[in-house]
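Colleague: I would like to learn how to read a model of this kind step by step, with the general idea before each case. Could we begin with the overall make-up and then go on to particular features?

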Amino acid sequence: MVIAPDLSAKSSATEALLDGIWRRVSLSIDGGSPQEDSTVLWLQIDGIFADLRTPLGAGARTGPSACSGQTRLVRDRLTFHRDIDTSPDLINDSARITLDGDDLVERGVFRLGRHNVLYEEVWRRDAVTGSTGSLATVGHEPGGKLAARLLRIGDVGLIVVKPLDSAQWAAELRHAPTGWSIVRDIGAAHAPPELLGTGIRIWHGLHWSLIDG
């Protein structure tokens, strides 16, 4: 059954419907036929999200990008409030969504020059493998300014580091018996951080703290 989430209850309870590992299945622009030209991963934990997009080839309509922040769901309208973004501008995007089990359809509008262009993205939620736990941490510069966010669900992790000293990095991470490894990334590559455990640690010159686990 297809449902449009309703915010008649608490937002946190409603947004829990969106928790999980989401991979985009297709993208339709301005009523065109659905297709997929990028590998897109979206992780969602308790109203916190991270998103990584990498083109599949030279013909992709958009380049590599990543962002993270918080979501706000009001009835069937989901807004992504970005506070970390590999693009120069923090742009909040909003769309209407419908859910059908582990399938989600997102319909919205983006600006192209002077024109508004319709889009439709179809997402599918992956089954969680490995540990069923989830973890969200944030990284701060020594002065306390937000600089990065890392989300983990089961064996999948996603980290987004905002531009620091002209460098930025985002990566999809995967856990195996030998530890965590980088599946794909954009920007300056780094060794994957230790995603397990709690407390405060320092990695990539940032102070990390647990915010959900």
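Modeller: The chain has one helix and 15 strands, and please keep in mind throughout that this is a predicted model. Of its 213 residues, 42% count as buried, and the accessible surface of the chain comes to about 10,700 Å², of which 54% belongs to carbon and sulfur atoms.

Colleague: What share of the contacts between residues at least 6 apart in sequence joins residues at least 24 apart?

Modeller: Among those contacts in the chain, 46% join residues that are at least 24 apart.

Colleague: Let us turn to empty space, then. How does one look for it, and how much space lies in the largest pocket?

Modeller: Rolling a probe the size of a water molecule over the atoms shows where empty space is left. In this model, the largest pocket holds about 890 Å³ of space. It is lined by 32 residues, and those closest to its centre are Arg53, Thr62, Arg82, Asp93 and Phe110.

Colleague: Which strands supply that lining with at least two residues each?

Modeller: Strands S1 (20-29), S2 (38-45), S3 (48-55), S4 (65-74), S5 (77-85), S6 (93-100), S7 (103-112) and S8 (115-126) each supply at least two residues of the lining of the largest pocket. The most comes from S7, which gives four residues.

Colleague: And how is the lining of the largest pocket made up by class?

Modeller: Sorted by class, the lining has 14 nonpolar, seven polar and eleven charged residues.

Colleague: Aromatic rings are my next topic. How is a pair described, and how many aromatic pairs does the structure hold?

Modeller: A pair of aromatic rings is described by the distance of the centres and the angle of the planes. The structure holds five aromatic pairs. One of them is formed by Trp22 and Trp42, which are stacked, with 5.7 Å from centre to centre and 25° between the planes. This pair links distant parts of the chain, since Trp22 is in strand S1 and Trp42 in strand S2, 20 residues apart.

Colleague: Are Trp22 and Trp42 buried or exposed?

Modeller: Both Trp22 and Trp42 are buried. Trp42 also forms an aromatic pair with Trp123, and this one is edge-to-face, at 5.1 Å from centre to centre and with 80° between the planes. Because Trp42 lies in strand S2 and Trp123 in strand S8, the pair ties together parts that are 81 residues apart in sequence. Trp123, like Trp42, is buried.

Colleague: Which residues form one aromatic cluster?

Modeller: The cluster is formed by Trp22, Trp42, Phe49, Phe80 and Trp123, so that the two pairs we have just discussed, Trp22 with Trp42 and Trp42 with Trp123, can be looked at together with Phe49 and Phe80.

Colleague: What should I note about the backbone in the loops, for instance at Asp46 and Arg75?

Modeller: Asp46, in the loop between S2 and S3, has a positive phi of about 50° although it is not a glycine. Arg75, in the loop between S4 and S5, likewise has a positive phi in a residue other than glycine, with a value near 55°.

Colleague: Why does Arg75 count as exposed?

Modeller: The cut-off for exposed is over 50% relative accessible area. Arg75 has 54% relative accessibility, and therefore counts as exposed. Ser33, which has its place in the loop between S1 and S2, is exposed because its relative accessible area is 53%. Leaving aside neighbours within four places in sequence, Ser33 is in contact with Leu27 and Ser28.

Colleague: Why, in turn, does Ser26 count as buried?

Modeller: Buried means under 20% relative accessible area. Ser26, which is found in strand S1, has 12% relative accessibility and so counts as buried. Its contacts, again leaving aside neighbours within four places in sequence, are with Pro34, Gln35, Glu36, Glu120, Glu121 and Val122. With Glu120, the separation is 94 residues in sequence and 8.1 Å in space, C-alpha to C-alpha.

Colleague: Where is Leu150 found, and how far apart are Leu150 and Leu135?

Modeller: Leu150 is found in strand S10, which covers residues 146-153, and counts as buried because its relative accessibility is 4%. Leu150 and Leu135 are 15 residues apart in sequence, while their C-alpha atoms are 8.0 Å apart in space.

Notes
Residues numbered from 1 in each chain as written. Predicted model: local features only at pLDDT ≥ 70, side-chain atom pairs only at ≥ 80, totals over all residues. Heavy atoms only, no water. 1 Å grid on protein atoms, 1.4 Å probe; cavity = no way out; pocket = protein on both sides within 12 Å on 5 of 7 lines; lining within 4 Å. Points joined across faces, edges and corners; volume = space filled by probe spheres on them. Nonpolar A, V, L, I, M, F, W, Y, C, P; charged D, E, K, R; others polar. Phe/Tyr/Trp six-rings, centres within 6.5 Å; stacked < 30°, edge-to-face > 60°. Buried < 20%, exposed > 50% of the residue type's maximum accessible area, 1.4 Å probe, protein only. Contact = heavy atoms within 4.5 Å. Areas by Shrake-Rupley, 256 points an atom, 1.4 Å probe, with all protein chains shown as cover.
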